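Thanks for asking me to look this one over with you. Below are some numbered notes to read alongside the model, written for someone meeting it for the first time.

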Number of protein chains: 2
Amino acid sequence: MARKIKLDKRSRQILQAVVAYHINTAEPVGSRTISRKYNFNLSPATIRNIMADLEEMGYLQHPHTSAGRLPTELGYRIYIECLNAAPAEGCQLLSKEERKKFAEFDEIDKLLRYTCKILSSTTNYIGIVLAPKMTRMIFKHISFVQIRSNTVMVIFVSDSGLVQQNIIRLQKEYSQEKLDKMANLLNKKFKNISLLEVRRNLLEMIRQDQITYDELLFRALKLEDEILESQEDAKIFIDGHLNIFSEPEFNDLNKMKAIFETFEEKNQLLNILDSCIKDGGIQILIGSENQIAEMRDCSLVTSVYVAGNFIRGTLGVIGPTRMNYSAVIPQVEYTASLVSQTLSNV
Amino acid sequence: MARKIKLDKRSRQILQAVVAYHINTAEPVGSRTISRKYNFNLSPATIRNIMADLEEMGYLQHPHTSAGRLPTELGYRIYIECLNAAPAEGCQLLSKEERKKFAEFDEIDKLLRYTCKILSSTTNYIGIVLAPKMTRMIFKHISFVQIRSNTVMVIFVSDSGLVQQNIIRLQKEYSQEKLDKMANLLNKKFKNISLLEVRRNLLEMIRQDQITYDELLFRALKLEDEILESQEDAKIFIDGHLNIFSEPEFNDLNKMKAIFETFEEKNQLLNILDSCIKDGGIQILIGSENQIAEMRDCSLVTSVYVAGNFIRGTLGVIGPTRMNYSAVIPQVEYTASLVSQTLSNV
DNA sequence: CTTAGCACTCATTAATAGAGAGTGCTATTT
DNA sequence: AAATAGCACTCTCTATTAATGAGTGCTAAG
């Protein structure tokens with residue numbers, strides 16, 4: 001009868017060792033290497049047997065007969081699960097200056113751009129940030145500024161004090177006074193709720209005849225429409241393209257090109273990040289688990305960030321499947337918490 | 001005595017042929033090729049003699065004894081000069097939609113980003129645009145909007161109707177009314193002049209006691225200071241990184257990496273583009289003529305763009321030295337004229 | 001001045017051999 | 001039964017060599 005095969009403690013330790021070593025070297029790992037570098041007190045032959053078992057279980061693989069082993073995607077998954085059991089608590093993930101800077105931005109775009117840069121520079125992989133949908137933003141204050149006849153700048157100040165502005169064109173011309181009136185109305189009646197809710201509430205109030213400024217309100221509603229429509233597709237920030245030049249798995253121009261093209265065509269990335277919002281928390285997509293064929297050699301570590309109690313967007317890191325998960329995961333987690341803090345501060 | 005060597009008409013035609021052929025194929029060009037593909041009615045041997053002369057004159061070079069010839073930078077220079085003699089007039093450089101879109105932007109940033117994309121997509125090289133210095137911008141209208149205590153958004157509407165906004169922090173808090181007063185003063189007194197001149201004029205008027213609102217003016221001046229200081233380094237837009245993946249001369253990861261690093265570190269590019277402003281018109285930097293070592297295999301075709309009669313910035317295309325100058329030069333010229341038109345329209 | 005002919009050069013490609021890393025299996029030890 | 005030592009085997013990687021071919025440079029003839 002065949003030997004019983006299960007993932008006992010020792011096998012798992014060997015697996016961890018193989019994955020960890022491979023992450024460092026990017027090379028297939030041989031039995032002799034593990035025997036020498038780790039203190040299992042086992043001969044290469046024994047380790048070889050265990051590795052053969054791990055291969056049969058689907059955690060390791062063989063590029064060819066006489067090469068060492070490397071992890072399968074399943075192998076990485078196990079590795080990561082075991083990591084989570086012992087998170088690197090209390091370590092200093094960012095310098096004091098880097099942390100302080102999060103609170104110093106006036107504009108959402110700049111905050112997110114900085115966040116993205118932090119993600120890429122601390123991990124040496126590619127940072128990626130999905131900006132919040134503006135319609136979900138809770139605002140403290142809205143202003144309208146007439147730019148030209150029919151053209152108005154809308155300035156949102158979110159409850160966290162961050163600014164985002166938008167220029168929209170309207171069918172009708174409004175004087176600056178009218179615009180100020182509208183802004184005042186919105187600011188007084190609808191503090192601390194999102195644009196979507198503003199719209200819903202306005203419609204409700206009209207239905208119930210609770211307000212009389214019909215004409216003005218009608219205009220305000222129209223304006224809302226324009227604002228909602230004028231939203232471009234959600235923005236994605238990407239930083240650190242250069243980092244993948246250093247990764248040996250991308251030493252191939254065609255692979256490199258494919259990945260760069262994926263970044264250029266942001267829709268696919270957007271879908272993935274968007275779906276991470278639904279699942280919430282930290283998400284780790286290993287290799288082909290992400291749906292982009294060109295990125296089957298990449299992993300994606302993402303976390304949602306929040307403002308108050310509401311999820312606002314996603315941020316994360318893209319790197320080779322062989323990425324340094326033990327460093328990246330806490331970094332993404334921590335960065336998300338900093339962004340959330342900044343967005344939640346009133 | 002040595003044979004007399006000069007660039008007669010026939011030699012120049014051969015040179016043109018060699019350069020043109022090399023631009024198409026990226027390969028060294030042999031005498032037989034020229035003899036067959038062009039109607040000089042000369043045998044390869046004769047062409048070989050002429051090519052040897054061209055080499056001695058410094059227009060062609062030899063990678064090794066038994067390879068064909070390719071142009072030196074000097075060779076490209078001659079080639080381009082002869083091109084300019086007969087520009088491709090009347091050809092359709094952009095579609096109607098592409099052209100129309102230039103007039104449809106409300107924000108300077110978006111206009112320039114689009115311009116950059118046009119430059120890269122039409123030439124299949126890298127588009128590059130240096131944004132105008134805001135202090136030189138002539139404005140039609142300025143607004144101040146209070147965002148928070150001590151924080152103000154400054155909105156410039158340029159004479160061409162394009163908007164640029166900036167958020168600045170001030171030492172003192174100003175009420176929205178004060179801000180409006182200041183804006184009004186600026187808008188009334190100083191229409192159609194640049195920020196730099198506004199500042200100069202304000203100082204002059206104070207000196208001559210022509211105005212009495214001393215306190216308010218003092219604040220306005222302070223505000224000006226902040227605006228000028230808050231300017232980040234001039235912005236550069238770059239688009240079309242992907243295009244260089246298709247160029248055979250960058251089939252080398254290290255070269256590629258070096259170039260990408262140059263783009264990341266924008267200062268050097270900025271210096272080059274800035275110096276193009278001084279020289280004005282169309283500039284062509286071939287190969288090592290640009291001062292960036294990593295870009296010694298690249299050429300740069302730039303043109304300034306204007307608003308009214310004043311030069312505002314530079315735009316252009318970066319590609320391999322072996323770029324298709326006959327297509328790129330008119331394209332850069334034409335795009336610059338479109339941007340200039342847009343910025344000059346009142 | 002132009003051209004044909006021919007030897008020569010040099011990069012590129014394919015084929016071959018040798019080295020080295022690592023496994024898989026078997027027999028032996030604990 | 002688990003661990004180990006020994007050894008043949010596999011497969012990649014590197015260096016060497018040889019063959020190919022494009023293109024020149026030179027000389028002599030038209």
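**Notes on the model**

1. A good place to begin is chain A and how its contacts are spread along the sequence. Counting contacts in chain A with a separation of 6 or more, 60% are between residues 24 or more positions apart. Please keep in mind as you read that this is a predicted model.

2. Here is some more background on chain A. Its secondary structure consists of 12 helices and 10 strands. The chain has 346 residues, and 51% of them count as buried.

3. Next, DNA strand D. It is surrounded by 21 residues, and the closest are R10(A), S43(A), T46(A), S66(A) and S31(B). By class, the residues of this surface are four nonpolar, 13 polar and four charged. Helix α3 (residues 44–56) of chain A provides the largest share of the surface near DNA strand D, with four residues.

4. Which part of DNA strand D does the protein meet, sugar and phosphate or bases? Of the strand's atoms within 4 Å of the protein, 72% belong to sugar or phosphate, and the rest belong to bases. Three contacts with phosphate oxygens are worth finding on screen. An N or O atom in the side chain of T46(A) is 2.5 Å from a phosphate oxygen of DNA strand D, and an N or O atom in the side chain of R10(A) is 2.7 Å from a phosphate oxygen of that strand. With S43(A), a polar backbone atom takes part, at 2.9 Å from a phosphate oxygen.

5. Now turn to DNA strand C. Around it are 21 residues, and the closest are S31(A), R10(B), S43(B), T46(B) and S66(B). The surface near DNA strand C has four nonpolar, 13 polar and four charged residues. Helix α3 (residues 44–57) of chain B gives the most to that surface, with four residues.

6. What are the contacts on DNA strand C made of? Within 4 Å of the protein, 72% of the atoms of this strand belong to sugar or phosphate and the rest to bases. A polar side-chain atom of R10(B) lies 2.6 Å from a phosphate oxygen of DNA strand C. From chain A, R69(A) has a side-chain N or O atom 3.2 Å from a phosphate oxygen of the strand. A base is reached too: a polar side-chain atom of S66(B) lies 2.9 Å from a base oxygen of DNA strand C.

7. The protein interior deserves a look as well. The largest nonpolar core has 73 residues, and F144(B) and Y325(B) have the most contacts inside it. Helix α12 (residues 325–344) of chain B gives the most to this core, namely eight residues. Apart from it lies another core, of 72 residues, including I34(A), L60(A), V129(A) and M137(A).

8. Helix α7 (residues 176–189) of chain B lets you check a length for yourself. Its 14 residues, at 1.5 Å a residue, should span 20 Å, and the end C-alpha atoms are 20 Å apart, so the two agree. Buried residues in α7(B) are L179(B), M182(B), A183(B), L185(B), L186(B) and N187(B). When viewing a helix, remember that an α-helix has 3.6 residues a turn, so residues three or four places apart point the same way.

9. Is N187(A) buried or exposed? N187(A) counts as buried because its relative accessibility is 11%, and buried means under 20%. This residue sits in helix α7 (residues 176–189) of chain A. Beyond its neighbours within four places in sequence, N187(A) is in contact with F139(A), K140(A), H141(A) and I142(A). The side chain of N187(A) reaches the backbone nitrogen of I142(A) at 2.8 Å. These two residues are 45 residues apart along the chain, with their C-alpha atoms separated by 6.5 Å.

10. My last stop is T314(A), in strand β10 (residues 310–320) of chain A. T314(A) is buried, since its relative accessible area is 0%. A polar atom of the T314(A) side chain lies 3.1 Å from the backbone oxygen of L273(A). Leaving aside neighbours within four places in sequence, the residues in contact with T314(A) include I128(A), V129(A), L130(A), L273(A), C276(A) and I277(A). Also among them are T302(A), S303(A), V304(A) and Y305(A).

How values were computed: Residues numbered from 1 in each chain as written. Chains lettered and ligands numbered in written order. Predicted model: local features only at pLDDT ≥ 70, side-chain atom pairs only at ≥ 80, totals over all residues. Heavy atoms only, no water. Near = heavy atom within 4 Å. Polar contact = N/O pair within 3.5 Å; in protein donor to acceptor, adjacent residues only side chain to side chain. Helix = DSSP H or I, 4+ residues; strand = E, 2+ residues; numbered from the N terminus. Nonpolar A, V, L, I, M, F, W, Y, C, P; charged D, E, K, R; others polar. Core = buried A, V, L, I, M, F, W, Y, C linked by side-chain atoms within 4.5 Å. Buried < 20%, exposed > 50% of the residue type's maximum accessible area, 1.4 Å probe, protein only. Expected span 1.5 Å × (residues − 1). Contact = heavy atoms within 4.5 Å.
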